[in-house]
Amino acid sequence: MTTVVIIVAVVLVAALALFLVRGRGTGGHGLRRRFGPEYDRVVARHDGDTKAAEHELSERVKLHGSLSEQPLSPEARAEYARRWAEVRERFIDSPRDAVVEADALLAQLARDRGFPDGGDFEEQTAALSVHHAEQVGGYRKVHTAVRGQGGTEEMRKALIESHALFDVLLADAPDASARTGRHEAKGSASA
């Protein structure tokens, strides 16, 4: 009888431990999976404090998780594609102007898709990170480049990386490559 009680107690303790470990890890693991590189960026901004970072990311989900992206008309989609092509062409002669235009174009496109206005960059990128965490990093880099931080090579890389967010925002139903941020342009010189 004593052996049975001990076995039952051990099984209950093991089950409780497993439940606690899974319960505690799910939030962080789920947030890490959902936010990808954005999770790491927020943890770094909080000096490694994962609890504070996870609280911030959870708040983002509460605030912006129910946001519904608005569709673009075919005309608006074509106009955005035309303007992005102009940004790419302009980069050759005037990298800084092209990056400034890319920053403004991404802010406007995000706003037109239903995200908060680009006038408050942090609020807009917080909302974008909830829905497009894999792609928002390129937009951050473009925005940083506009503030004069980095040379031509950094601007080129920022423009290439920001193209991922442009693509996913331009599409009504992003394909798998846009959702995961995989692009053929990653290693190329054009955005």
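In which helix does Arg-41 lie? Select Arg-41 in this predicted model, and you will find that the residue belongs to helix 2, which runs over residues 37-45. With a relative accessible area of 26%, Arg-41 counts as partly exposed, because buried would require a value under 20% and exposed a value over 50%. Once neighbours within four places in sequence are set aside, the contacts of Arg-41 are with Arg-60 and Arg-140. Now add Gly-137 to your selection: Arg-41 and Gly-137 are 96 residues apart in sequence, while their C-alpha atoms are 9.2 Å apart in space.

Next, select helix 5, residues 95-112. This helix has 18 residues, which at 1.5 Å a residue should span 26 Å, and the C-alpha atoms at its ends are 25 Å apart, so the two values agree. If you colour the buried residues of helix 5, you will mark Pro-95, Ala-98, Val-99, Ala-102, Asp-103, Leu-105, Leu-106, Ala-107, Leu-109 and Ala-110. Show helix 4, helix 6, helix 7 and helix 8 as well, since the buried residues of helix 5 pack against these.

Move on to the loop between helix 5 and helix 6 (121-132), where Arg-113 is found. Is Arg-113 buried or exposed? Its relative accessibility is 2%, and therefore Arg-113 counts as buried. Follow the side chain of Arg-113 and you will see that it reaches the backbone oxygen of Gln-70 at 2.4 Å. Beyond its neighbours within four places in sequence, Arg-113 is in contact with several residues, including Ser-68, Pro-71, Val-168 and Asp-172. While you are here, look also at Gly-114, just after helix 5, which takes a positive phi of about 110 degrees.

Now select Leu-169, another of the residues in contact with Arg-113. Not counting residues up to four places away in sequence, Leu-169 also touches Leu-109, Phe-115, Leu-128 and His-132, among others. Leu-128, Phe-166 and Leu-169 are the residues with the most contacts inside the largest nonpolar core, which has 30 residues. To see where this core comes from, display helix 4 (74-93), helix 5, helix 6, helix 7 (136-146) and helix 8 (152-170), each of which supplies at least two of its residues. Apart from this core lies another, made of nine residues, and you can finish the tour by selecting some of them, among them Leu-31, Tyr-39, Val-42 and Ala-53.

Terms used:
Residues are numbered from 1 along each chain as its sequence is written. This is a predicted model: local features need pLDDT of at least 70, side-chain atom pairs count only at pLDDT 80 or more; totals for chains, interfaces and linings use all residues. Side-chain values use heavy atoms; hydrogens and water are left out. Helices (H or I, at least four residues) and strands (E, at least two) are DSSP runs, numbered from the N terminus. Buried means under 20% relative accessible area, exposed over 50%, partly exposed in between (1.4 Å probe, protein chains only). A polar contact is a pair of N or O atoms within 3.5 Å; within protein, one must be able to donate a hydrogen and the other to accept it, and residues adjacent in sequence count only if both atoms are side-chain atoms. Contact means heavy atoms within 4.5 Å. A nonpolar core is a set of buried Ala, Val, Leu, Ile, Met, Phe, Trp, Tyr and Cys residues joined through side-chain atoms within 4.5 Å. The expected span of a helix is 1.5 Å times one less than its number of residues.
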